[in-house]
Amino acid sequence: MKNNSTLLFILLCFLSLNISAQSKLTLQPDSAQTKISKEIYGHFAEHLGHCIYGGIFVGEDSDIPNIHGYREDVMGALKDMHIPLLRWPGGCFADTYHWKDGIGPRQKRPSIVNVNWGGVTEDNSFGTHEFLNFCELIDAEPYININVGSGTVQEASEWVEYVTSSNVSPMTDLRKQNGREKPWDVKFWGIGNENWGCGGNMTPEYYSDLYNRFATFCRGDLYRIAGGPNIDDYNWMEVVMKKTSRYHLAQGVSLHYYTFTTGWTDKGSATDFGEKEWFKILNNTLRMEELIDKHSAIMDKYDPEKKIGLIVDEWGDWFNVEEGTNPGFLYQQNTLRDALVAGINLNIFNNHADRVKMANIAQMVNVLQSVILTKGNKMVLTPTYFVFKMYAVHQDAELIPINLECNDYVVDGKKLPAISASASKKDGVLSITLCNLNPNKAESLDIDLSDMSFSATSGQIVTGENMNDYNDFDQDEKINLQNFEVKKPKNGKLSLELPSKSVALIQLK
Ligand code: AHR
């Protein structure tokens, strides 16, 4: 009898182990009611290191193949990735930038010192026209960040007029003199950047008053974005919402959250890491969800109808700079770990698309978690690039709410959910993006498709042999987009094995 009960106990343990090994994703298509703004897939280009100069713009006289000074290879890659939106000129640079320095004949533009980023000379050869024409060429919406920290209200209001007005005025005359007859269609305007720090070290009360003043004089049918909190500064969010919402002058409030390994002074290596650092970064990445939930709860108090967007206009990994590079240029490599960070964050933004209306990974080329790296005339597409390319299917699609029950990924007794997911539907195609955070083990997943019926399936995947694999110059690509074979669903259920350390897209139609 005793032996029998022991056997039964062992059998039950075995069964329960097997059961817990199966993760389950349930889709709730009947509750779909939110569009995933394509702007969630936005990017950010600051006058910092080789993001603009060398990364995007090389000038017409360069040996590097270019169109009007813009790198052809970079433009082609951005279009292929379906970049929907680009933020410019900063960042901290924005609150030192005087836009009139960057218009008119290039040889007459003044050179200034880029005080935030390496103290290098900024010759202003890339200015308003160069930025907006670039956006037209790559088919991305522009998002301009106005100088509040060291600029004037008049300067800000004139910039908006110069760019967007079709009236007759000194500013529109100046624009025409500089070769642009018609206004540009620029909807998104940020008013200040990190005004709690590099943008002026202000209190939230002082900034909010300034915001209302600047926003009043930035006229037109604009989407104005107030400079929001750093990470978990909930008081900043509270004060900004309270003081700006009464005038209805802010259509969005920003949030900045970067992921470090250890802390601000030692941010860890981008490429030289083990499982401890892998776990830490993914754990820190998942914190984005808590930040969005808590900031949204504050926004809900002042804006219950969710008209004001949470704009995560700086996010991504921030590691120590690569050896031998200028510490002020923030140049870092990008591994499979960064692909996971991108996939997880984008799933979180999708799932909160009712409040998150835009997000901008920092930064597009050669700075922090870039999608593209360049060296002279060479270009590398990073693992993060392939995640953005794969996830583009979610842009402007209808979010399908999900319920995910999954195993834990455990390191040193600490655990994380092993899977991250989001789903959407567009033009009759259901797209599910999945990340397996576990670098050691494939995850079995059952997807309950409810009553939806499909006849064709397809899949793509970003994964690699090692967690710190990356793409480098003069080497074959180690990480890119691969086909991922997906079986047909059976009885409303799709079963798959998600390889370890991977980001995948499953599509059904
Ligand atoms: O993206 C680099 C810098 O990080 C930005 O200039 C600033 O806004 C943030 O602190």
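The shell around the ligand in this predicted model is a mixture of residue classes: 7 of its residues are nonpolar, 3 are polar and 3 are charged. Of these 13 residues around the ligand, the ones that come nearest are Glu 46, Cys 92, Glu 194, Tyr 258 and Glu 314. As for where the ligand sits, the space that it takes is the largest pocket.

A closer look at single atoms shows how some of these neighbours meet the ligand. The side chain of Tyr 258 places an N or O atom 2.7 Å from an oxygen atom of the ligand. For Glu 314, an N or O atom of the side chain is 2.8 Å from a ligand oxygen atom. Gln 363 also takes part, with a polar side-chain atom 3.0 Å from an oxygen atom of the ligand. How much of the ligand does the protein bury? Taken alone, the ligand exposes 290 Å², and 94% of that area is buried by the protein.

Attention can now turn to charged pairs within the protein. Side chains of opposite charge can pair when their charged atoms come close. The count of such salt bridges here comes to 24. One of them joins Asp 313 to Arg 87, with 3.7 Å between the closest N and O atoms. Which parts of the chain does this pair link? Asp 313 belongs to strand β13 (residues 309–317), while Arg 87 belongs to strand β6 (residues 85–88). The two residues are 226 residues apart, and the salt bridge therefore links distant parts of the chain.

Conventions: Residues numbered from 1 in each chain as written. Predicted model: local features only at pLDDT ≥ 70, side-chain atom pairs only at ≥ 80, totals over all residues. Heavy atoms only, no water. Near = heavy atom within 4 Å. Polar contact = N/O pair within 3.5 Å; in protein donor to acceptor, adjacent residues only side chain to side chain. Areas by Shrake-Rupley, 256 points an atom, 1.4 Å probe, with all protein chains shown as cover. 1 Å grid on protein atoms, 1.4 Å probe; cavity = no way out; pocket = protein on both sides within 12 Å on 5 of 7 lines; lining within 4 Å. Sits in = over half its atoms within 2 Å of the grid points. Nonpolar A, V, L, I, M, F, W, Y, C, P; charged D, E, K, R; others polar. Salt bridge = Lys/Arg side-chain N within 4 Å of Asp/Glu carboxyl O. Helix = DSSP H or I, 4+ residues; strand = E, 2+ residues; numbered from the N terminus.
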